[in-house]
Amino acid sequence: MLIFERSHPGRRNAAQAPHHAAASGIPAAMLRKDQPLLPEASEMDVVRHYTRLSQKNFSIDTHFYPLGSCTMKYNPRACNTLAMLPNFLARHPLAPEASGQGMLACLYDLQEILKDVTGMAGVSLMPMAGAQGEFAGIAMIRAYHDARGDTARTEIIVPDAAHGTNPATAVMCGYTVKEIPTDANGDVDLDALRAATGPQTAGLMLTNPSTLGVFEKQIQAIQKIIHDAGGLLYYDGANLNAILGKVKPGDMGFDVIHMNLHKTFSTPHGGGGPGAGAVGVAQRLLPFLPLPVVTRQDESYHYLTEKDLPQSIGHLSAFTGNIGILLRAYVYARMLGADGMHRVAEFATLNANYLMAELHKAGFTVAFPQRRASHEFIVSMKPLKDATGISAMDVAKRLLDKGFHPPTTYFPMLVPECMLIEPTETESKETLDGFVNALKEIRDEAHATPELVKGAPRTMPVRRLDDVKAARELDLTWKTPTSTAPE
Amino acid sequence: MPFIPHTEQDIQTMLTSIGASNIDALFDEIPAALRSGKLTAIGDGLNEMQVSRLMHERAAQDSQPLNFIGAGAYEHHIPAAVWEIATRGEYYTAYTPYQAEASQGTLQTLYEYQTMIASLTGMDASNASLYDGASGLAEAILMAVRAHKSSRRVLVPATVSPLYRNVARSIVKLQNIELVEIPFDIANGTTDLNALQQHAGSDIAALVIPHPNFFGALEDVGALTDWAHAQNALAIGLVNPLALALLRAPGNWGAKGADIAVGDGQPLGAPLSGGGPYFGFMCCKQALIRQMPGRIIGRTVDLDGKPGFTLTLQAREQHIRRAKATSNICSNQGLMVTAATIHMALLGADGLRRAAAASHGNTQALAALASGVRGVKRLFSTPHFHEVVLRLPKSPAAVLARMTEQGISGGFDLHPHYPQLGNAILVCATETKTEDDLHRYVAALRHALQS
């Protein structure tokens, strides 16, 4: 039932609305005549409705959620509580810096922490999501080339295993995209990279470890090819969790990186955001950082502006990005400390390799068994599909019935019937064992009672949804029964 | 080990299964020369008690002045239930609802949101949010250019927030889109229709129409919308969603209505929080739906014919279309929209209208009181929503600094952005302000001007 269907004309929340006042200074012609479609419901109706709706979700707090490349780790509650202290929430973004030194100190410290773990010379916290961080990064690459008068560089190289945001970002920054293939080991095809690189190359966007769940071993060679051609190297930080404290993107030769703080630094995913996509840069890109950047001078903290960084790519948000999310990341980083950073990568990798080993032993097809898993790995359900007709999607839906959120399915597209599995460091061995057992059970069911798997899920609030109908007969807003009736 | 559940026994069993002698061996594919040394900028880990102490101390450093600044972020009452519910783990720790069957809570909430915001803006459809109002404006400009096909010029009045214009420029300039500034009428603080008319007949993709505009003034939205349409350009309404509880919706502007409505959803349940997270909303007419960026939720049926919700029109998006996507946006501001939905449901149309009207009334009262201070003058007698421009007899920076010393955030200094207005500030008094607060403001202003 929708909230609109719980509406009763005339019901009000007296506790939540100020006293009636007339909009006396606004001419009648400018006022709206119609009633917006908002529910008239009591506070308890509303609380019950959205509490019940929330219970229809899988979430990290309720379920194992091994969504590959998404890093669904536990989000410590202290981060939320401390980011929502009243003085932080009440701060207006344009209030004087002098009255926000506590908040600015947290942001400055976070910049320093991120510089250290990434090995970059400077950080801006402002991008509001991973994709906006990518935009900032590629915009800085373009600003760098433009500032040198090097305007013939029109292409960004992207491996075929990359997230869709990479090519989409390159286009948003006015570049064309050159895609290069992956070799049989899951690494970048170096010959193809050499062939693709030239005076038109502005840069390469690389995720390392890649979305195939392996560390790009040839990174030093790749770095040389790109830099020798005058291009810059972009690090997509989607998989930073795998190497936190183990190897720094700056040491690998990357010129610019974005971090998904909602992944690696455990801020909540919130049903699809808000995230935070901080960017880090090497020395030569410092003048181009997006604004504002927090600086410390004589024991006080300030935002740098256009006056300080005249070559900046500019502002990407009206104010200062997703501060509340940055505070959560800061609390998390302080709780981990230096040792905790190393442990993130260690236990994320231990869990992934253990899960991969157990599934491999159980007879599942691992995409790159000859490689170490990073913090994630790929299982292909193609043999199962060939034998039983049960697809990766069917397996994913059946996992829901068994109380597990499925891994990422059908991405990356290079491996048929793939499941990209990222357990994260916060899951226990028992949970991983339970997941292996669930997959084994589903495989047995695929052979014995395939219709059971094909008809899954059966225990969710809804069964499989008709996506074709959703796209063909668009229903994006609810209409009152009277408004849908024929005139 | 914080947040890592492994016992020593677990670690050994797992390493044995893998066939590795120790955890470090799992990193043996990383070239040895690249392996990190010690982290130096990060101290030892703090436990929850210690980090809690640290953050409380930091928060205590930040004073809470009585706030009269708006300029794109507004202090409103947020019912306690909003964030109590929005931070339930089931909302807070879920991801983008790719697995629809296990995400009906988030999906239905977003569908309800789309319904509410589309109705407030008077448009046919809404997406499930963008990052904020300013980047949302950039996306609306890109969308208009895609839809228009021939022109890459967009007219942006100087009455659009300078902060928004900065962001829009940063984002769209890389695609060779030209933003043309339209000056405002210095007498009434709204877009100069004569200056606009000079662009008549040229190839224009869109006109941005801010309402209320950055000065809080209400534009002649009907005339502007009709003018845009007469040029075969799209009309982009840049609106405050709370104001729409009172004001004519963009979908009803002029003869045909605006084509796109965009803005910041912060007034609908997002705390000021130093600048974010907020959320951008974007709504459009039916014909433009497939040009929209971001997630869109649709209602459909399941195998048993039971209604359910799912992500739809994904063929527009980066994870499917890659380089040909309408935008690179992936994560948006889902949790903020969840909060906004609960906020709108709790207040209803009547509650939002009261909050909007009270904000309008308080600002009007403040402007009248402040105008009684010697040398202070309200600029622009044009109807306004909940912000007004005051001209001071002295440099705003100094006056505002003295008001800060008295615990009052007195307004936004317009001088750096609009020097032609002289010593002007932008002030806002929302429904959160009492009559006593307004008198405190005026006393502080008077004192600041005397000292």
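# Sheets, helices and the chain contact

Reader: In which order do the 4 strands of the open antiparallel sheet of chain A stand?
Author: Strands here are DSSP runs (E, at least two residues; helices are H or I, at least four), numbered from the N terminus. Two strands pair if DSSP finds at least two bridges between them. In chain A, 4 strands pair in the antiparallel sense and form an open sheet, in the order β10-β11-β13-β12.

Reader: What pLDDT do local features need in this model?
Author: Residues are numbered from 1 along each chain as its sequence is written, while chains are lettered from A and ligands numbered from 1 in the order in which they are written. This is a predicted model, where totals for chains, interfaces and linings use all residues, side-chain atom pairs count only at pLDDT 80 or more, and local features need pLDDT of at least 70.

Reader: Which residue of β13(A) is the bridge partner of Val379(A)?
Author: Strands β11 (residues 377-380) and β13 (residues 418-421) of chain A pair in the antiparallel sense over 4 bridges. Within that pairing, look across from Val379(A) into β13(A): the partner is Met419(A).

Reader: What is the average twist from one strand to the next in the 7-strand sheet of chain A?
Author: The sheet is open and mixed, in the order β1-β7-β6-β5-β4-β2-β3. Its edge strands are β1 (122-124) and β3 (176-180), each paired on one side only. Angles run from 0 to 180 degrees between N-to-C directions, with axes fitted to C-alpha atoms, for helices over the stretch in contact. From one strand to the next, the twist averages 25°.

Reader: Which residue of β5(A) stands opposite Leu206(A)?
Author: Strand β4 (residues 201-207) and strand β5 (residues 232-237) of chain A run parallel, joined by 5 bridges. Opposite Leu206(A) in β5(A) stands Tyr235(A).

Reader: At about what angle does helix α6 of chain A run to β2(A)?
Author: Helix α6 (residues 165-172) lies across β2 (155-159), β3, β4 and β5 of chain A. Its angle to β2(A) is about 175°.

Reader: How do the axes of α4(A) and α2(B) lie, parallel or oblique?
Author: The axes of α4(A) and helix α2 (residues 48-61) of chain B come within 6 Å and cross at roughly 130°. Under 35 degrees counts as roughly parallel, over 145 as roughly antiparallel, 65 to 115 as roughly perpendicular, and the rest as oblique. So α4(A) and α2(B) are oblique.

Reader: Which residues of α5(B) make the contact with α1(A)?
Author: The axes of α1 (residues 43-54) of chain A and α5 (residues 104-121) of chain B come within 7 Å and cross at roughly 135°. Residues are in contact if their C-beta atoms, placed from the backbone, lie within 7 Å. Tyr50(A), Leu53(A) and Ser54(A) serve α1(A); from α5(B) come Gly105(B), Gln108(B) and Thr109(B).

Reader: Is Thr106(B) buried or exposed?
Author: Thr106(B) lies in helix α5 of chain B. It touches residues of both chains, among them Asn57(A), Gly271(A) and Tyr91(B). A residue is buried with 20 or more other C-beta atoms within 10 Å of its own, exposed with 12 or fewer, partly exposed in between. Thr106(B) has 32, so it is buried.

Reader: Which helix of chain B gives the most to the side that touches chain A?
Author: In total, 162 residues of chain B are in contact with 168 residues of chain A. With 20 residues, the helix that gives the most is α11 (residues 334-371) of chain B.

Technical notes. Two residues are in contact if their C-beta atoms, placed from the backbone, lie within 7 Å. Lists of a residue's contacts leave out its neighbours within four places in sequence.
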